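Visitor: I should like to learn how the terms used for a protein model are justified. Please show me the structure, and then I shall ask about the reasons.

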Amino acid sequence: MPTDELFRAPFIAIGLDAAEGWLHVEWEGYQTVGTVQQGCERVLALLAQHGVAKVLNDNTEVLGGWSEAAEWLVDDWYPRMRAAGLRCFAWVYSPSRLSQLSADETMARLGEASGVQVFAYADEARRWLRSCA
């Protein structure tokens, strides 16, 4: 689906898919706590600015682990995303096993009632977001 690019940095690209009503976030390369925080803060600002309640968070191009950011994501950023209107967050795994482990650690901290689902493929994530209320 075509998206209107809203922000780009060497580690992230964020677009608005107005037809679908969600932000499309593509993470790229190796992530650090700093890049995760910087990118997530931009996602939060754009979610609020554009009034969407869904995010397609694509980690397909992420390399390596980033588990040092899991606690901040769960305890700080994610509650602010929910307060800003987030309802459905589709997370596409990276093929990198270390990145998958970082995502799994974050998901374990979030719990099942978080509105976040993890997918192996972006097409599955899109289908879920379309059905998510």
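Guide: Asparagine 59 makes a suitable start, for this residue is buried.

Visitor: Why is asparagine 59 called buried?

Guide: Buried means under 20% relative accessible area, whereas exposed means over 50% and partly exposed lies in between (1.4 Å probe, protein chains only). Asparagine 59 has a relative accessible area of 4%, so the residue is buried. Its place is in strand E4; strands (E, at least two residues) and helices (H or I, at least four) are DSSP runs, numbered from the N terminus.

Visitor: What does asparagine 59 touch?

Guide: Contact means heavy atoms within 4.5 Å. Not counting residues up to four places away in sequence, asparagine 59 touches Trp27, Trp66, Trp91, Val92, Tyr93, Ser94 and Ser99.

Visitor: On what kind of model do these statements rest, and how are residues numbered?

Guide: This is a predicted model, in which local features need pLDDT of at least 70 and side-chain atom pairs count only at pLDDT 80 or more, while totals for chains, interfaces and linings use all residues. Residues are numbered from 1 along each chain as its sequence is written, and side-chain values use heavy atoms, with hydrogens and water left out.

Visitor: How many aromatic pairs does a search of the whole structure find?

Guide: The search finds 4 aromatic pairs. Rings of Phe, Tyr and Trp (its six-membered ring) pair if their centres lie within 6.5 Å; planes under 30 degrees apart count as stacked, over 60 as edge-to-face and the rest as tilted.

Visitor: What makes the pair of tryptophan 66 and tryptophan 91 stacked?

Guide: The ring centres of tryptophan 66 and tryptophan 91 are 5.8 Å apart and the planes stand at 20°, so this pair is stacked. Tryptophan 66 lies in the loop between E4 and H2, and tryptophan 91 in strand E5 (residues 88-92), so the pair ties together parts that are 25 residues apart in sequence. Tryptophan 66 is buried at 5% relative accessible area, and tryptophan 91 counts as buried at 6%.

Visitor: Which type of aromatic pair do tryptophan 77 and phenylalanine 89 form?

Guide: Tryptophan 77 and phenylalanine 89 form an edge-to-face pair, with 6.1 Å from centre to centre and 75° between the planes.

Visitor: Why is this pair said to tie together separate parts of the sequence?

Guide: Tryptophan 77 belongs to helix H2 and phenylalanine 89 to strand E5, so the pair joins parts that are 12 residues apart in sequence. Ring pairs link Trp66, Trp77, Phe89 and Trp91 into a cluster.
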